[in-house]
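Reader: I should like to go through the assignments in this model and see what each of them rests on. Please set every value against its definition.

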Amino acid sequence: MKPSFFEFTLDELKGHLQSLGKEGFRSQQLFRWVYQMRVSDFSQMTNLSKDFRRELPEMLDLSVPRVLTEAKSLDGTRKFLFDVGEGQSVESVLIPSKDRLTLCVSSEVGCNMACKFCYTAKQKLKRRLSAGEIVGQFLAVADRLPEGQRITNIVFMGMGEPLDNPDAVFKSVEILHSPWGVGFSKRKVTVSTSGIVPLIPRVTEAGVRLAVSLNGVNDDVRSRIMPINKRWPIAELMKACRQHTEESGDRVTFEYVLLKDVTDSLEDARALYRLTRSVPCKINIIPFNEHPNSGFHRPSEARIERFQEELMRLGAHVLRRKTMGRDIYAACGQLTTAANPAPIAL
Ligand code: SF4
């Protein structure tokens, strides 16, 4: 089977072409056509010889994952379901806001981290995506945008735990960032983790932003809702986060899901403040987005506000993540391709 163009870095493609008896420098020309000019037909790459253009379709696959369905929310959020072969699919979500257009990409088909509040977790890990499949989600969505619109931010917060698939994730970051690739600023790329502590230094090394799905303020609660905490408890996680901020000079974003009567008390808000105050950070509170048979509930508006106000009163930098795409199951923790859930009322 011919390899996908999108799996290659510039140097790797050079080596690949040379192994086929072709001139290595052609890789630069190909990268320019594909990433800068977004030409997806070899025959249109006019500075390549006609013979080479004829041979290229046999050597490289230029197709990106196919969009199976696209759903649009009333709030403008768009959810794309991608075919990644063998009957498997992943989702990407495009989230518009005032001055941003954020693409949330998936890194795995399903996920093995088993976070209790997460819809994706119901679909166990089927396989890890390749770098090309991650880059492909970006390109397929970017190609569908109207003239003049562009993706401004990329977050690895879709299906899967990005640090469970680090080689593909960081290779895709390299391709998305490099001047020979998409040329996307690393400052606009965020990798989120549920807490695979030994791999947090790779986020630092890659120069991208770190988000941590915290969701519990002590080991009891966190281990109950996020089994990964049994392996790497909160103290180790916070130590790794502090180290990241010291080495990167950047803040960490802590994601905190508000689950009614589990993580949403005023005492939880105070404990969250105490836990995070020694780490330069911002806290995103995310009112739980309900999905079938989760066993959890969304707190009332009054409780959500009380929680946020308490953190603000204490001096935390806290934002409430606006719930986007809730009607199409595109909101945080709702991504799954396992079933076709019925639409929920907003
Ligand atoms: S929240 Fe993230 S890490 Fe946890 S099960 Fe869901 S997709 Fe996996």
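Reader: What makes strand β4 and strand β7 a pair, and in which sense do they run, parallel or antiparallel?

Author: Strands are DSSP runs of E with at least two residues, helices are runs of H or I with at least four, and both are numbered from the N terminus. Two strands pair if DSSP finds at least two bridges between them. Strand β4 (residues 101-104) and strand β7 (residues 153-156) have 3 bridges in the parallel sense, so the criterion of at least two is met. Thr-102 has Asn-153 in β7 as its bridge partner. This is a predicted model, in which local features need pLDDT of at least 70 and side-chain atom pairs count only at pLDDT 80 or more, while totals for chains, interfaces and linings use all residues. Residues are numbered from 1 along each chain as its sequence is written.

Reader: Which strand do 3 bridges join to β7, and why is the crossover called right-handed?

Author: Strand β8 (residues 189-193) runs parallel to β7 and is joined to it by 3 bridges, with Ile-154 opposite Val-189 in β8. From β7 the chain passes through helix α5 (residues 166-177) to β8 in a right-handed β-α-β crossover. The term applies because, with the strands pointing away from the viewer, the path from the first strand over the helix to the second runs clockwise.

Reader: How does strand β3 pair with β4?

Author: Strand β3 (residues 89-96) is antiparallel to β4, and 4 bridges join them. Pro-96 has Leu-101 in β4 as its bridge partner.

Reader: What makes β1 and β12 edge strands?

Author: The open sheet has 10 strands in the order β1-β2-β3-β4-β7-β8-β9-β10-β11-β12, with mixed pairing. β1 (66-72) and β12 (318-320) each have a single partner strand, so one side of each lacks a neighbour in the sheet.

Reader: Which residues come nearest to the ligand, and what is the make-up of the shell by class?

Author: Cys-111, Met-113, Cys-115, Cys-118 and Ala-121 come nearest among the 13 residues around the ligand; a residue is near if its C-beta atom, placed from the backbone, lies within 6 Å. The shell has 7 nonpolar, 5 polar and 1 charged residues. Here Ala, Val, Leu, Ile, Met, Phe, Trp, Tyr, Cys and Pro count as nonpolar, Asp, Glu, Lys and Arg as charged, and the others, Gly among them, as polar.
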